[in-house]
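The following paragraphs lead the reader through selected parts of one structure. Please keep the sequence and the 3D view at hand.

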Amino acid sequence: MVRRLFSIVIALPLLTGCPEGGYIRENETVNRWIYSTMEENYLWSAEMPGDWEMHVESHPETFFQRLLYTVEGQIDYSDFYSTLYYTGDSEYFPAYDEDTEYGIEAVTYDFGMGFYTVSVGGLVHFQVAIVASGSPAYNAGVRRGDCFHTVDGRRLAGDSELISIMENQATVEIDFFYPEQKTVTLRKAYYSENPIQYHTVFELAPVTGYLSYSNFSDGNNDSYYTQLRSVFAGFVAAGVENIILDLRCNGGGELTAARKLCSLLAPPADLGGIYLYKERNSSFGVPGQFESETLYGASQMNGYNCGDISLYILTNKGTASASELVIHCLRPLYDNSGLKFMHLGDETEGKNVGGMMFANSRYEWEFYAITLRVHNIDRVSGYEAGLVPDRKVAEMDTENPLLTEGGEYVCPVGDWGDLTGDRILQATLDEIYGYGGWASLVPVEDAGDGTTRALAAPVSGVTATEKLTVKSRPLTEKSIRTGW
């Protein structure tokens, strides 16, 4: 399971040191800090309970939960993203590293993969949905589409067992059975995930650029953004007329990175202009007072923005937060410019809010709180239940499972850019080139040279179900660490 929490910490000068003896642990003192910070910054601060002082001596976790906004019977509209963390626990993993230029390194500590749970005829197996670049799984050769059902020598019955193992164990041994049999030992480690998973140019008229982008992080000293601009410079040099942006399993990340990607993709006429509005507690429900954010200007994007192109964005249920922002905020710009914009795949998660991480040097607690709601150029938000694609395409053909030579049923998904096994990418190319018009892009394969694996025909009457498990990142504008 991929843990995704990225933030930018701005280190503010301490007004004084911590008291002798270390952190202050009294519940009331901690809770009053939590309340005052939430009152100033929380999107729904006006809705926080008025009787909070009656509970100020309760445990901080209980107190924090009482402050969160809820709408009875409407889970999509409630706040289930704001989270309190106890940093005094040795199990706690901070979201930043203060040794970097910006006070943070977007690092993660886990195995580095998300997965599908596939059930066929009562038997369950797991298929890798995404592998974070630089992670233990990636370095061990695990790739999207790899299938397994056995961990530490035991066949698992469901995803709850796998999630528990992935969260609580530092080492696992996984036996993969498709597309090849292999045993991989993984050990959790710290790593920084480059969001550029894969990119290429399909050199068939009209020339099409393809980018799989897994998270929104600028990297140290803008290193990831520098690489991203290089990718787009290559698209410009190739004269692309279409761009396919693959945001499947992209759970979001930093608002600054979303702004940069939107600037690379926006119609040239909109560069330097407003592309989104932020609704805050000070402007709650008053569109005329929303805070605007602009794209980078034409001079900053010269040589990187691809001009008037057609844009195709691919999603699944793991697409969330900053990824949804890109779709929601670019669509009206394309519509207004008369350019084609198409969303394909599955519905997204529905996270139209963003927030900040708050920490205080006196306490062993930190929290992420929702501080804004995203609106597009038309001051429209409203995708709490997810963004619905223009063309819905299932990632797996669950109606026609295939039987492998080893006697296991699978519903294959291709790795990024795999034209032979990626149903959503194939459907997108059909939209661009006409049905099957892109066939010349697929290399001739010989089942005898190891490039393909023979599969039996679909088994009649056998169907499968699938469930995607990829943890989304909060949309983070910045984080604040204070002293007293």
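A convenient place to begin is a hairpin in this predicted model. The hairpin is formed by strand 4 and strand 5, with two residues between the strands, and within it Gly-121 adopts a positive phi near 55°. Strand 5 covers residues 123-131, and its pairing with strand 4 is antiparallel, with eight bridges between them. One position to locate along this pairing is Phe-115, which lies opposite Val-128 of strand 5.

Strand 4 has a further partner. Strand 23, made up of residues 464-469, runs antiparallel to strand 4 and is joined to it by six bridges. Here Phe-115 again serves as a point of reference: its bridge partner in strand 23 is Thr-469. Phe-115 thus stands opposite Val-128 in strand 5 and is bridged to Thr-469 in strand 23.

How enclosed is strand 4 by the rest of the structure? Strand 4 spans residues 113-120, and seven of its eight residues are buried; it is therefore largely enclosed by the rest of the structure.

Attention may now turn to a helix. Helix 6 comprises residues 255-265, and Thr-256 belongs to it. Is Thr-256 buried, partly exposed or exposed? Its relative accessibility is 30%, so Thr-256 counts as partly exposed, because that class lies between the 20% limit for buried and the 50% limit for exposed. The side chain of Thr-256 forms a polar contact of 2.8 Å with the side chain of Asp-218. Thr-256 may also be located relative to Phe-216: the two are separated by 40 residues in sequence, while their C-alpha atoms are 8.3 Å apart in space.

Notes. Residues numbered from 1 in each chain as written. Predicted model: local features only at pLDDT ≥ 70, side-chain atom pairs only at ≥ 80, totals over all residues. Heavy atoms only, no water. Buried < 20%, exposed > 50% of the residue type's maximum accessible area, 1.4 Å probe, protein only. Helix = DSSP H or I, 4+ residues; strand = E, 2+ residues; numbered from the N terminus. Pairing = 2+ DSSP bridges. Polar contact = N/O pair within 3.5 Å; in protein donor to acceptor, adjacent residues only side chain to side chain.
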